[in-house]
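Dear colleague,

I am handing over the structure below and would be glad if you could look through it before reading my notes.

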Amino acid sequence: GACSNGGGSKDAEEEEEDERSGALMRLLVSAFDRREELAELLCLADVPEETVAAAHCVAKSAVKLRRREAPGSAAATVDCGGGGGGTCGGAAVDVGDATDLLLRLFCNTHSLEDGGMGIYAQASAINHDCDPNCTFFAAPSMPSSGSSSSVPGEALTVRSLREIQPGEELTIGYVPLRLPRAHRAEQLRRNYGFRCACRRCLAEEAEEDADDCAAGEKALVALSAKLRAVIARGDASAEPSPLSKLLAQAKLLAHFNDVIAGQIAVDAAEAFVQVGRLNEAALAYHQVLARARALPFASVAPHRASVGLALAELLLRMATHPASSDDEARVALGRAATEAREAHAALALCRGEDHETTRRAAVLLQRAASLGNARKEAKLLGKLLERQAGRASAGAAGESAGGTACPPAEPGPER
């Protein structure tokens, strides 16, 4: 983040940086009273000067905020222009000390799925790899019986993504691993102060053309803007839909930036659902899923499972839609069960059976099975009713053919 943005609109990346800076500032304020303990516990990476300058801006704001939250402190002023500080709980906090603490926190935080961040001492010792053998997530947990705290926390869980050999180092991803190599490298340099030289990075760097990557990503950004404009105009329901053309173009460019291309397809799918074009929505989700399955990295399992669940829910909706033919319902139901099963297996691996998303996948899988059983029962019942109707019809015809003939009418009297 910066001290000020100089006005104007912000793009998504700038807004994300601002949110991260705000979260770090709040974390810094809460950590002031434990700064000596944290300084011993957390390492300080050799981050570039621009990161230090940004941390200094956040540290100044945090010192101001802490002083406002502690109006009864002994400090009368806070000099945020240089080496001034504020008093926190009776102990002076220098902006320089706050900057040092913030950089230690910044280099050791784990970004959580709900957008928050946390410090976990053991997990902070795990190194980065762009094709890691482990993943991590945080979930709400209550304090242990021996804990003096009564506030629920977020427990971090680290799970293996594949079989790990004895003596093999555990690794996780510090940055979003679906990003292009150049983006991952820049985030690692800026936030953690090192250049990644993992096998994946070296292989991708040897094959990539920087100019082509930049041009391809620029084209994807333009496609994303066009898609938002089409949706805003309400043209998703047009025939043919312009979204289909944008999806086809995004598919060709997906290898330049999988994140942008995937978001284009997901946005298109949601727009198609809104106007009732469920087949086109399913194709859009499948486009994202096919790309995710083509990536040879175990770390994309959570993303693949998330898209698979969205597709499974949509397919179940299609299977029960009144306009779906019997064959369409059968195909949609079978595919929904397959997607839910694969998503459940992936989530059980990377999140565990008790995780909320894994349970959601299990519910979808059970629903697909129930609908499949109900469909089979309805089909059997239909056949049984057909046979019964056939027997009844045959019986009525036989009774008519083999019944007693009517006697001839008696002749009337002669005149």
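The notes that follow cover the nonpolar cores, one helix and one arginine.

This is a predicted model, in which local features need pLDDT of at least 70 and side-chain atom pairs count only at pLDDT 80 or more, while totals for chains, interfaces and linings use all residues. Residues are numbered from 1 along each chain as its sequence is written, and side-chain values use heavy atoms, with hydrogens and water left out.

The largest nonpolar core (buried Ala, Val, Leu, Ile, Met, Phe, Trp, Tyr and Cys residues joined through side-chain atoms within 4.5 Å; buried means under 20% relative accessible area, with a 1.4 Å probe and protein chains only) has 54 residues, of which L220, L223, L243, I264, Y285, L314 and M318 touch the most other members. Several helices (DSSP runs of H or I, at least four residues, numbered from the N terminus) each supply at least two residues of this core, among them α7 (210-233) and α13 (356-401), and α11 gives the most, with 12 residues. Of the 19 residues of α11, 15 are buried, so this helix is largely enclosed by the rest of the structure.

Leaving aside neighbours within four places in sequence, Y285 is in contact (heavy atoms within 4.5 Å) with V266, A269, E270, V307, A310, L311 and L314. A second, separate core of 22 residues includes V29, L38, V95 and L103.

Elsewhere, R181 lies in helix α5 (residues 181-192) and is buried, with a relative accessible area of 15%. Beyond residues up to four places away in sequence, R181 touches C201, E204, E205 and E208.

Best regards

Terms used: Buried < 20%, exposed > 50% of the residue type's maximum accessible area, 1.4 Å probe, protein only.
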